[in-house]
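Here is a short tour for anyone meeting this structure for the first time. Have a look around, then read on.

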Amino acid sequence: MSKREAFLESCCTENVDDFLRFIQLHRNKTEPFDVEEVLQEMNRDQRQTLWGKLSSLLQDVLQEERREEGSEEGREEAMEVEAAADPSHVRSVVDDLLELQPVSEAPLQLQILRLCDAWWKKDLKEKETFGRSAMIIALTKSFDLKKPGTEIQRVWSLREVLLGLDNTSEDNKQMMDLLLKCFQRPAFLRNDDGKRFLVFLFSWNINFISVIHGTIKNQLEFFSMMVTAHIAEIYFRAWKKAGGDFLEKIESSCVQDLMQNAIFLHRSSPIVSYFHSRKGCEKVDKMLSNLYKPILWKALSAPNFEVRANATLLFTEAFPVLDMENGNKSTDEATQKQLDTVMVLLDDPHPTVRSNAILGVCKILAKYWEVLPAAIITDFLKKLVMELAFDSSSPDVRCSVFKCLII
């Protein structure tokens, strides 16, 4: 009997120990037996026979009871796993089946996924191992399917599997890579359960937050506007739900880091802009005030004109940067001081800064026209129409006045 025939013979309950030995031979690089070579030598009928026998082997090992419901297309199977099954033996078979199956063998993969899912949810012995396998399969399938809604929902339902994992372990590197890929998949970003899962990942492990942020930051310039908008929403929801050390980590390592990038690297800041758009909430205002305090005001007076220009755009978009807990008098004084700062920016020696300040002033006037004192509005309009519109040193500044007044 050839090794190919012997391998086929081993794929049954009676010879399961032989099957496991074949897999050990395959993993031992000093042995001549290679499952991949055996599979390549098989014809189509032999492969179909193999996958059918492996599927039966899985069912027999589990002593599962399967119930089919619904139509051929919408088939759902309810699996009952006997607690008496030896988890280490079952895990060996499952791991080997996962290693053997090709990507195209969807039915077998689906059965293994349902097994691992059921084992985890029924809280059976060594459930963590099976839950981990279920999560890996569900994540992988969610990336491959054209309509992954069901698998994304399954990923969300399995989120507590991650609570028992060490994200620094080399054994979990595959899992970490899959989790980070979720942030680059539009299907996850558009799906409600997908968004919940991504927000959850910000609360899973405090050290993983920096890894997530680094991954997103490296890809941010390549994202479409739609994807970026979803990413910004996820950052905001993660920040809103966070507390304690997690909140501090998100603010300092994520939000403030993006603020600094917008100022010093001239990177677009759609995520920071999303936080700006949520101003008016006391918690948001306080956070923006605290995070901008050590970086923004210094940047507005930096020697480098590009830093001043970038900071001007950020400052006028976030205007007014206030902590409402300081009281009305302190808030009024801070607002006036910031209005004075804007006026100073209109006189900046570099035309790029002046042009950005013109844009910022017009946005501020458009947004706060009804609440700003008439004298302040008059001062800004006089500065724009009577001085900067006739700026002889820069045609860009003159053009900025007429372009931005439309706002």
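## Helix H15 and its neighbours

Helices H15 and H18 run roughly parallel to each other, because angles under 35 degrees count as roughly parallel, over 145 as roughly antiparallel, 65 to 115 as roughly perpendicular and the rest as oblique. Their packing angle is about 25°, and their axes are 9 Å apart. (Axes here are lines fitted to C-alpha atoms, for helices over the stretch in contact, and angles run from 0 to 180 degrees between N-to-C directions.) Where the two helices meet, H15 brings Val-272, Ser-273 and His-276, while H18 brings Leu-314, Glu-317 and Ala-318. Contact means heavy atoms within 4.5 Å.

Now for another partner of H15. The axes of H15 (residues 270-277) and H16 (residues 282-292) come within 9 Å and cross at roughly 135°. That crossing makes H15 oblique to H16. On the H15 side the contact uses Val-272, Phe-275 and His-276, and on the H16 side Val-284, Met-287, Leu-288 and Tyr-292.

Which residues of H15 are buried? They are Ile-271, Val-272, Tyr-274, Phe-275 and His-276, where buried means under 20% relative accessible area, exposed over 50% and partly exposed in between (1.4 Å probe, protein chains only). The cover over these buried residues includes helix H13 (225-241), helix H14 (244-264), H16 and helix H18 (305-318).

## The model as a whole

This is a predicted model, so a few ground rules apply: local features need pLDDT of at least 70, side-chain atom pairs count only at pLDDT 80 or more, and totals for chains, interfaces and linings use all residues. Residues are numbered from 1 along each chain as its sequence is written, and side-chain values use heavy atoms, with hydrogens and water left out.

The average pLDDT (the predictor's confidence in each residue, from 0 to 100) is 83 for the chain, and 82% of the residues score at least 70. Over residues 64-85 the pLDDT is below 50, and this stretch has 40 contacts in the model beyond near neighbours in sequence.

The chain's secondary structure comes to 22 helices and two strands. Helices (H or I, at least four residues) and strands (E, at least two) are DSSP runs, numbered from the N terminus. Of the 407 residues in the chain, 48% are buried. Take the contacts with a separation of 6 or more: 65% of them are between residues 24 or more positions apart.

## Rings and charges

There are 13 aromatic pairs in the structure. Rings of Phe, Tyr and Trp (its six-membered ring) pair if their centres lie within 6.5 Å; planes under 30 degrees apart count as stacked, over 60 as edge-to-face and the rest as tilted. Phe-188 and Phe-197 form a tilted pair, because their ring centres are 6.3 Å apart and their planes are at 45°. Both Phe-188 and Phe-197 are buried. Ring pairs also link Phe-143, Phe-188, Phe-197 and Phe-200 into a cluster.

Phe-143 has a charge over its face too: Arg-185 lies there, at 4.6 Å from the ring centre. Arg-159 does likewise with Trp-156, at 3.7 Å from the ring centre. A charge sits over a ring if NZ of Lys or CZ of Arg is within 6 Å of the ring centre and within 35 degrees of the ring normal.

## A few spots to look up

Try Leu-388, in the loop between helix H21 (374-387) and helix H22 (395-404). Is Leu-388 buried or exposed? Leu-388 counts as buried, at 5% relative accessibility. Leaving out residues up to four places away in sequence, Leu-388 touches Leu-346, Arg-354, Ile-358, Lys-383, Val-397, Arg-398 and Val-401. Arg-398 is ten residues along the chain from Leu-388, with 6.1 Å between their C-alpha atoms.

Val-227, in helix H13, is buried with a relative accessible area of 7%. Apart from neighbours within four places in sequence, Val-227 is in contact with Pro-186 and Leu-189. Leu-189 is 38 residues away in sequence, yet Val-227 and Leu-189 are 7.1 Å apart, C-alpha to C-alpha.

Lastly, look for the cis peptide bond joining Phe-319 and Pro-320, with omega about -10°. Pro-320 is in the loop between H18 and helix H19 (328-345).
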